[in-house]
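Q: Please take a close look at how the interior of this protein is packed, and then relate that packing to the ligand site and to the residues around it.

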Amino acid sequence: MERVQKVIANNGYCSRRKAEEYIKQGKVKVNGEIVRELGTLVDGTNDLIEVNGYVLEKKQEKVYILLNKPRGVVTSTSDDKKRKVVTDIVNIPTRVYPVGRLDYDTTGVLLLTNDGNLTNLLLHPSNNIEKVYVAKIKGILTPGHRRTLESGVIIDGKKTDRARVKIKKIDKKANTSIVEITIHEGRNHQVKNMFKALGYQVEKLRRDRVAFLTCDGMNTGEYRFLSIKEVKVLYNLVTNSK
Ligand code: URA
């Protein structure tokens, strides 16, 4: 519980001093009742607070979710083509939004939150958050091409940043390679386009890690809430990694 003038000021409606004036003038209502006591305690998440007839938006608890995204789901909150979207899977009352985008057919680590500040920080190109992908590609990745991927390939006229690339498995019979690629950028279809630039087609793509977050032990389609500690570490990473 917090003092009503503090909740009004934190909401950005006016300063705390001005809020105190409104309270004294009988211009503030809590759950429909006028309050004139400056020390009135309210619950900013659940109480309905009105100032001069204007209803303050309720304080939203911040929610952070790690989803192991399945294939065949759109990374969005709605889809014109009526396909399943990631928020259909996350069955919670709070509205959350995906942090960045995984393709329809990509699986793995996806964060969803209603914390716009963390979303912006995570997506900002200047941060150095690692994203680790495992790609199954058609063809045998040559050592030369592995090095080229690491030093950067041109996509849409711009060279990609340095990446780390490990060949995990080669299947000569099936003519496929399993390749782990670690990048920091987040351009659209970046991994597929990096392989495409060298003539390889990605058959399957999974994101195994974002920063320290993995979906180890989670089936596809499963999600879990991040702990406060994990959120703090993420904030530290995005504010210290520049
Ligand atoms: N790169 C891609 O090509 N697709 C994704 O879904 C993510 C990264």
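**From the surface to the core**

A: V233 has a relative accessible area of 33%, and because this value falls between the limits of 20% and 50%, V233 counts as partly exposed. In this predicted model, V233 belongs to helix 7, which covers residues 228–240, and its C-alpha atom is separated by 14 Å from that of N128, a residue 105 places away along the chain.

The domain assignment is a useful frame for the interior: domain 1 takes residues 2–55, domain 2 combines 64–125 with 213–239, and domain 3 runs over 130–210. The centres of domain 1 and domain 2, taken over C-alpha atoms, are 35 Å apart.

The largest nonpolar core holds 31 residues, and those with the most contacts inside it are L112, I137, L141, L149, I181, M194 and F195. Two or more residues each come from strand 7 (64–69), helix 3 (86–89), strand 9 (106–113), strand 10 (131–138), strand 14 (176–183), helix 6 (190–197) and strand 15 (201–210). Since domain 2 and domain 3 both contribute residues to this core, it lies between them.

L112 gives a detailed view of that packing: leaving aside residues up to four places away in sequence, L112 touches V63, Y64, I65, L67, V86, T87, V90, V96, Y97, P98 and V99. There is also a second, separate core of 18 residues, whose members include L122, I129, L213 and V231.

Two threonines can be set beside these cores. T182 sits in strand 14, and with a relative accessible area of 3% it is buried, because the limit for that class is under 20%. Apart from residues up to four places away in sequence, T182 touches E130, K131, V132, A163 and R164. T119 is placed in helix 4, residues 116–123, and is likewise buried, here with a relative accessible area of 14%. With the same exclusion of sequence neighbours, T119 touches V99 and T113, and V99 is also among the residues that L112 touches.

The ligand is surrounded by L102, D103, T106, Y133, H189, Q190, V191, K192 and L205. Several of these positions fall within elements that also supply the largest core: T106 in strand 9 (106–113), Y133 in strand 10 (131–138), Q190, V191 and K192 in helix 6 (190–197), and L205 in strand 15 (201–210). As for polar atoms, a side-chain atom of T106 lies 2.9 Å from an oxygen atom of the ligand, while a polar backbone atom of Q190 is 3.4 Å from a nitrogen atom of the ligand. K192 places a backbone N or O atom 3.0 Å from a ligand oxygen atom. The ligand on its own has 240 Å² of accessible area, of which the protein covers 96%.

Two loop residues complete the picture, each with a positive phi although neither is glycine: the angle is near 50° for N52 and near 65° for K82. N52 is found in the loop between strand 5 (49–51) and strand 6 (54–55), where its relative accessible area of 36% makes it partly exposed. K82 occupies the loop between strand 7 and helix 3, and K82 is exposed, with a relative accessible area of 75%. Strand 7 and helix 3, which bound the loop of K82, are both among the elements that give two or more residues to the largest core.

Definitions and conventions:
Residues numbered from 1 in each chain as written. Predicted model: local features only at pLDDT ≥ 70, side-chain atom pairs only at ≥ 80, totals over all residues. Heavy atoms only, no water. Core = buried A, V, L, I, M, F, W, Y, C linked by side-chain atoms within 4.5 Å. Buried < 20%, exposed > 50% of the residue type's maximum accessible area, 1.4 Å probe, protein only. Helix = DSSP H or I, 4+ residues; strand = E, 2+ residues; numbered from the N terminus. Domains from an automatic or database assignment. Contact = heavy atoms within 4.5 Å. Near = heavy atom within 4 Å. Polar contact = N/O pair within 3.5 Å; in protein donor to acceptor, adjacent residues only side chain to side chain. Areas by Shrake-Rupley, 256 points an atom, 1.4 Å probe, with all protein chains shown as cover.
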